[in-house]
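Work through the two exercises below with the structure in view. Each task is followed by a solution in steps.

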Amino acid sequence: MNTIAELPPTTIAGHTQRHESAHLHVSGCANYVDDIPLPADALHVALGMSRVAHGRIKSIDLSAVAAAPGVVAVITARDLPGDNNYGPILADDPIFAESLVEYAGQSIFAVAATSHDAARRAVKRAKIEYEELPAILDIRSALEKNSFVIPSQKLVRGHPQAVLASSPHRLQGSITIGGQDHFYLEGHIAAAVPQEDGAMLVYSSTQHPSEVQHLVAHALGKHSHHVTVQCRRMGGGFGGKESQPALFACVTAILAAKTGRAIKLRLDRDDDMTMTGKRHDFIADYDVGYDDSGRITALAVMLASRCGYSADLSGPVNDRAICHIDNAYFLEHIEVVSHRCKTNTVSNTAFRGFGGPQGMMAIEAVIDDIARKLQRDPLDVRRANFYGIEDRNVTPYQMRVEDNVIHAIADQLEASSDYRTRRQRIATFNAASPLIKRGIALTPVKFGISFNATHYNQAGALVHLYTDGSILLNHGGTEMGQGLYTKVTQVVAEEFGVPLTQVRTSATDTSKVPNTSATAASSGSDLNGKAAQAAARTIKERLTNFASEKYGVPAADIKFAGGSVQLGNGKSLALAELAVAAHAGRISMSSTGYYRTPKIHWDRATLTGRPFFYFAYGAAVAEVAVDTLTGEYRMLRVDILHDVGRSLNPAIDIGQVEGGFLQGAGWLTSEELWWNARGELKTHAPSTYKIPTARDWPLDARVHLLERSPNVEDTIYRSKAVGEPPLMLGIAVFHAIRDAVANCAPPGTRSPLHAPATPEAVLRAIRAAKDLA
Amino acid sequence: MSNPGHAICFILDGKTIEVNDIPPTTTLLQYLRESLGRSGTKEGCAEGDCGACTVVVGEPANGSIAYRAVNSCIRFLPTLDGKEVVTVESLRAAAGDLHPVQQAMVDCHGSQCGFCTPGFVMSLFGLYLNQPAATRDEVIDALAGNLCRCTGYRPIVDAGCKMNDYPPPAHWSRDDAQSAARRERLQSIQRKDSLALGTPAGFLAPQTLAELASAYAAAPGSLLLAGSTDIGLWVTKQMRELPPIIYLGEVAELKTIRETGGMLEIGAAVRLTEAYDAIVKHYPMLAELGNRFASPPIRNAGTLCGNLANGSPIGDSMPVLIALGASVELRCGDRTRTLPLEKLYLGYQKKDLAAGEFLTAVRIPLPQPGCTVASYKIAKRYDQDISAVCGGYALTISDGMVTAARIAYGGMAAIPQRAARTETALIGQPWNEATVAAAMQQIAADYTPLSDMRASAAYRLQVAANLLQRFYLEHSGAAIASRIEMVAAD
């Protein structure tokens, strides 16, 4: 493995820098799509939605809508100039439902009016009659009816059934894992401004400008070169703005084309939560064999997820769940069946971790159940199953784990958190405390980095050096708060050896860098950092050759460092000076840069290959106290050790680790999605859907990055992706609560807690554990 | 300058803004963003639950200016008349220097996507002005109404702790906030006559109780408005057309808190913040309830009597006030009457109020010797959540016997309701485990709760009974930990 000493030192990358927009954020000067001034005659859009979960539209009467004050245009599926689809993979997401509605909240029509308020009020006047059809509203019902959005998948390695039959111990069980709303603070929004000659400029709050561009072009019946999509920043994304923004962008563009006026569509929060996809909820039924140490001998798992009414990204989400059923554990004989259930609910989509967290939740429940049965510390069972370094190191999908640091992380964290002593003290406390029970858990994370779909793993960048020495950077990645612009700006500043202030990043724009991938799969800085580095190096090389000739020094001696260009002969000049000279010498100072991830390949049919360039690791120890009268709980302490390779920006990485952890903890505790019997989501606003608040951050939190552990793969300055992996650190909180629940029943009893662990779910689990005993 | 009768006047960045001809339900957020083009303040939810829209409002108070963080998304513009509005754009000095609150957020890496940030900055700014040395817990309290989805809040709370370490800024220091110029400017827009908008009045802000009573008696179809923390949502979420509004917030007599005849009397325009401060002074055990009631910006706008008059079955104030035997003062024209609070509620959204009749105050008995009081709130989240179940308890134990018991629950019925059978099972019995166990059995006879997104009926019944057990354990000298708040990691 590489060590820090072997790597060249960096001066700007690898060091804490504030977020490039921090000063704008805090003063209200950072512009989001809703803040971009539009022409005074711009119109505002509201969408009309289905009131039923499943039905045929018998009649639509929008005359009162059209007659409402301020209304300028009303459109339905009949008014589309191009394709009626915004589905990212399959064409099964209509922009407007035609005759069939498949979830309560599906878009049926759009109104453009002179104000946001007028449009929303007008929508309420629609008269739509439905013939209601039976609706499938949950996973078990979908399984019973074989209702799937895409075919099921099966992965088998070894001889799981035979080994199960001969295992020393065998256990069957199940866990349900709830969904999650993204709750980005900025809801979905798009604005379209018609340009000359049929072109369209679209401002979209999107993680995937290229896909929005392509889908808008299709919806307009135009070419991609007619459509420019821009995104300076999002007010949060978390995967919720990967495939979902296209619907809203398409509607604005269609109405802009129709009216010739600028159009904005900003979703009200309730509409956003009703209309847009969420994290897939899952159920996992398992059959596991294991030995006396708790080591798994064979595992058969049925994973089933709620995909909603359409495929959206459910195929790759569920593939990633399969690819994370192992988490950090070697599963020699394994069988995973994955069902992608079609339900009459909103189409679920990408969400930080993209199925990986659900896969991990399944295996962690299996391990916990084994530990309870064996009356062993769950940490010992986890350790007994960790991937080996030299052997026991091939994943179920046939990828060798070559960068395993989970032992080191678990060792360090177990010691630094004082896990063993605390477990003893907790046992002592619990023995004397009939009402309040404490629990503790250490859970690991191993998360594969790269899009499973190999062709997504590419990126482009564009770098300009101006004659005043200032540098403008553009790349295909989008900024959603994760600090991508900051990190890639650091890369370019590092390459040119200039202060960070000398480099600016402009808004992501499909007319600057084309055919980009979504900023997703944690890949933003890996891909765009490398692409920007390549662009910078191209310009540097041209300048180096020019300077070598002009100043008569060997090219190899020329260095871009310390804010100037050092010629190696004791002389140096400012980058601006060299730029002026190079311009006069007719040297191009603009370059694209391109990167594709090496080594990866994936066979979707057999679910084998090397889908991931590398793995990111981490672990968390959480301790909780649970009130056995009410099911309420509180996080008392968390210790985290997380692997970001050689950090590009420690403050930003810590921010991702902490934020991911709390988002993961929220997913598994207070965040509950609740549909009524009619298939209406009733938790569609922050008043009913409860993400963590400042109080929910643990009283005692000790968060650290794994030090002196550069990526073994050649990533940008040997860093590691950090967007998604920390979310799964939150699983430790769920298992700490599980541990507290287990402490309410005699040893040997499983802890039947399911996610989300709301106080009600915890109280139910406590009762169930006592019943099991 | 005195205020013209038919224009809303408020101060923003040292300038007087006069607003005519807008619907009275225009929110402050809409006005800032759409009319003034000040886009720094964000809409995250339009229901006062995320805090992205937080601004600070200043108003005259005993010769100085009281500044409070409020949610601009559900605040109707006419209620800002005579006040000063401070938004995130206001804080930077002319030279562009960041305010200590802003600088601390930058230095602590407190923003990621930045969308919630203006709201956090303004909540922290409200704290900065009011509490020069806020503790970490107080910072967390102040941020209970602000959601962030990117950070783990730790850097934001760090910023709240660090903001007082910077030298006072020239602009919006605590001294500057109370400068003579600011006070005079604010004083200059205080009106002598009531604000009346629209013809006929779409919005009236009477200044005296008599004016209010006669206006409401004359137009009993009007809507009484106080903090707009619920009515705001009728507009932003339900898009209702509201009847003419009569605003209580300027009626001097309704802004009083006084102790009289063994009662704590809290006027109908007293905000929840001040109301709970007064209640907690007498009933310190209700501090948690006061802290967990909505969020600081909501408590800085909403009123206690508004909570009572609204009469939601899940309102948090009613259970314990019913248990304490509180009563409400009602007025209709010149007539007044007093009604036990529990008698106000006739059925779901049905109250014993005649046309033109309204609450002027709530009267809460002061603590009685021997009477033990508690209120417990159960929700999915500790801060700013609507209760699944909220219980209020007032029991008198004398010589080991229960001599009196008043228990009420919210979230268990269509109205906040007494637990009559449970009370009966306690009264006259020895205060012991067996009595409590028997009383717990009666909860299911007292209530038939609903299942909804907050909790199932079964959970509500179980937890309502279990809370009685908690009450017993906390008031019987048992030496065991009964609350998770009593526990820390080793």
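**Exercise 1.** Decide whether strand S19 (residues 401-410) of chain B is mostly covered, and find how its neighbours pair with it.

Step 1. Of the 10 residues of S19(B), 7 are buried, so the strand is mostly covered. A residue is buried if 20 or more other C-beta atoms, placed from the backbone, lie within 10 Å of its own.

Step 2. This is a predicted model, in which local features need pLDDT of at least 70, side-chain atom pairs count only at pLDDT 80 or more, and totals for chains, interfaces and linings use all residues. Residues are numbered from 1 along each chain as its sequence is written, while chains are lettered from A and ligands numbered from 1 in the order in which they are written.

Step 3. Strand S18 (residues 389-398) of chain B runs antiparallel to S19(B), joined by 9 bridges; two strands pair if DSSP finds at least two bridges between them. B:Tyr393 has B:Ile407 as its bridge partner. The hairpin has 2 residues between the strands, and B:Asp399 takes a positive phi near 50° there.

Step 4. S19(B) is also joined by 2 bridges to strand S20 (residues 417-418) of chain B, again antiparallel. B:Tyr409 stands opposite B:Gln417.

**Exercise 2.** Describe how helices H14 (residues 484-496) and H15 (residues 524-551) of chain A cross.

Step 1. Their axes, lines fitted to C-alpha atoms over the stretch in contact, come within 9 Å and cross at roughly 25°.

Step 2. That makes H14(A) roughly parallel to H15(A), because angles under 35 degrees count as roughly parallel.

Note on methods. Axes fitted to C-alpha atoms, helices over the stretch in contact; angles between N-to-C directions. Helix = DSSP H or I, 4+ residues; strand = E, 2+ residues; numbered from the N terminus. Parallel < 35°, antiparallel > 145°, perpendicular 65-115°, else oblique. Buried ≥ 20, exposed ≤ 12 C-beta atoms within 10 Å, placed from the backbone.
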